[in-house]
Amino acid sequence: MNRLLPRGLAAGAGYLAFAWVAALGIARLTGAVAVLIVLGATAVGTLLAVVAGGWRIARIEDVQVDVRPATPGAGGLLSTGDAVDVVVTLRTRGGVPPRPVHVCVLDRGHVVATGWAVEGVLEASGAFARRGVIGRLDVQMAAAGGPGLVWWRRRSSVALDPIVVAPRPAGPGARISVVRRDQGGRGDVVSDVV
């Protein structure tokens, strides 16, 4: 698994920090000791919540991915853009399912499926955007603590049984023309694909 990295701040994190600094300034000017204590406790609680978001992903030690064609009877034959069912299973140390984690399944940088893994399982529908033999998928996990101020990201590369994705057929298809050739006095019919 890849190392744990901060993904970025939530959209309203700057406003919350500004409000906290403004409240701190007003409390210092007025001498409201009780407000300073509450602001200090809020800062400590927020810091713990930021660390908890990273801890939520850091505990995941096993990632499994199962990809199947969405249409029954396809026999494992896929074309680019065909619907597939993707199941991602996350396991933590001690076997406890992780709290909700946002999961994005990637094939060579292209999104195959995305969604929230609840109770350690993501069941989503997706599609492969590129052709080729796919033997490995990247699973990107993201989570934040309770306030959701700082998002953390971790990436894991998962090996699969090879999946062959063919290019999507295009155009009218092949035409078949019948050509008669005379070989030694006999009229043999030969089929040529044009």
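In this predicted model, Arg108 forms a salt bridge with Asp107, and the closest N and O atoms of the pair lie 3.0 Å apart. The two partners stand in unlike surroundings: Asp107 is buried, with a relative accessible area of 2%, whereas Arg108 counts as partly exposed at 40% relative accessibility. Asp107 is buried because the cut-off for that class is under 20% relative accessible area. Strand E5 covers residues 101-107.

The count of salt bridges comes to 2. Besides the pair just described, Asp66 forms a salt bridge with Arg68, again with 3.0 Å between the closest N and O atoms. Here Asp66 is partly exposed, with a relative accessible area of 30%, and Arg68 is exposed, with a relative accessible area of 53%. Strand E2 spans residues 60-69. The table sets out both pairs.

| Salt bridge | Closest N and O atoms | Relative accessible area |
|---|---|---|
| Arg108 with Asp107 | 3.0 Å | Arg108 40%, Asp107 2% |
| Asp66 with Arg68 | 3.0 Å | Asp66 30%, Arg68 53% |

**Overall architecture**

The secondary structure of the chain comes to 2 helices and 11 strands. Read along the sequence, these elements follow the pattern β-α-α-β-β-β-β-β-β-β-β-β-β. Of the 194 residues of the chain, 29% count as buried. Among contacts between residues at least 6 apart in sequence, 59% join residues at least 24 apart.

**The three-stranded sheet**

Which strands make up the open sheet of 3 strands, and in what order? The order is E2-E4-E7, with antiparallel pairing. E2 and E7 stand at the edges with a single partner strand each, so one side of each is left without a neighbour in the sheet. On average, neighbouring strands of this sheet are turned by 20° against each other, direction ignored.

The pairing of E2 with E4 (residues 83-92) rests on 9 bridges, and these two strands run antiparallel. Ile60 has Thr92 of E4 as its bridge partner, and Asp66 is matched with Val87 of E4. Asp66 therefore has two kinds of partner: Val87 as its bridge partner in E4 and Arg68 in a salt bridge. On the other side of the sheet order, 7 bridges join E4 to E7 (residues 121-127), also antiparallel. In that pairing, Val84 has Gly126 of E7 as its bridge partner. In a regular strand the side chains alternate between the two faces of the sheet.

**Loops beside the sheet**

Ala70 is found in the loop between E2 and E3. At 31% relative accessibility, Ala70 counts as partly exposed. Not counting residues up to four places away in sequence, Ala70 touches Ala83, Val84 and Asp85. Ala70 and Val86 are 16 residues apart in sequence, and their C-alpha atoms are 9.1 Å apart in space.

Thr80 has its place in the loop between strand E3 (78-79) and E4. Is Thr80 buried or exposed? At 17% relative accessibility, Thr80 counts as buried. Leaving aside its neighbours within four places in sequence, Thr80 is in contact with Phe128, Ala129, Arg130, Arg131, Val165, Ala166, Pro167 and Arg168.

**Helix H2 and the nonpolar core**

Helix H2 takes in residues 33-58, 26 residues in number. At 1.5 Å a residue, H2 should span 38 Å, and its end C-alpha atoms are indeed 38 Å apart, which agrees. The buried residues of H2 are Leu39, Ala49, Val50, Gly53, Gly54, Arg56 and Ile57. Their cover includes helix H1 (13-30), E2, E5, strand E8 (132-144) and strand E9 (150-166).

The largest nonpolar core has 33 residues, of which Val88, Val103 and Phe128 touch the most other members. Two or more residues of this core come from each of H2, E2, E4, E5, strand E6 (110-117), E7, E8 and E9. The largest share, 6 residues, comes from E9.

Around Val103, the contacts beyond four places in sequence are Val88, Leu90, Ala113, Thr114, Gly115, Ala117, Leu122, Val139, Gln140 and Met141. Val88 is thus named twice, as a contact of Val103 and among the core residues that touch the most other members. Phe128, another of those core residues, is also one of the contacts of Thr80.

Terms used. Residues are numbered from 1 along each chain as its sequence is written. This is a predicted model: local features need pLDDT of at least 70, side-chain atom pairs count only at pLDDT 80 or more; totals for chains, interfaces and linings use all residues. Side-chain values use heavy atoms; hydrogens and water are left out. Two strands pair if DSSP finds at least two bridges between them. Helices (H or I, at least four residues) and strands (E, at least two) are DSSP runs, numbered from the N terminus. Axes are lines fitted to C-alpha atoms, for helices over the stretch in contact, and angles run from 0 to 180 degrees between N-to-C directions. The expected span of a helix is 1.5 Å times one less than its number of residues. Buried means under 20% relative accessible area, exposed over 50%, partly exposed in between (1.4 Å probe, protein chains only). Contact means heavy atoms within 4.5 Å. A nonpolar core is a set of buried Ala, Val, Leu, Ile, Met, Phe, Trp, Tyr and Cys residues joined through side-chain atoms within 4.5 Å. A salt bridge is a side-chain nitrogen of Lys or Arg within 4 Å of a carboxyl oxygen of Asp or Glu.
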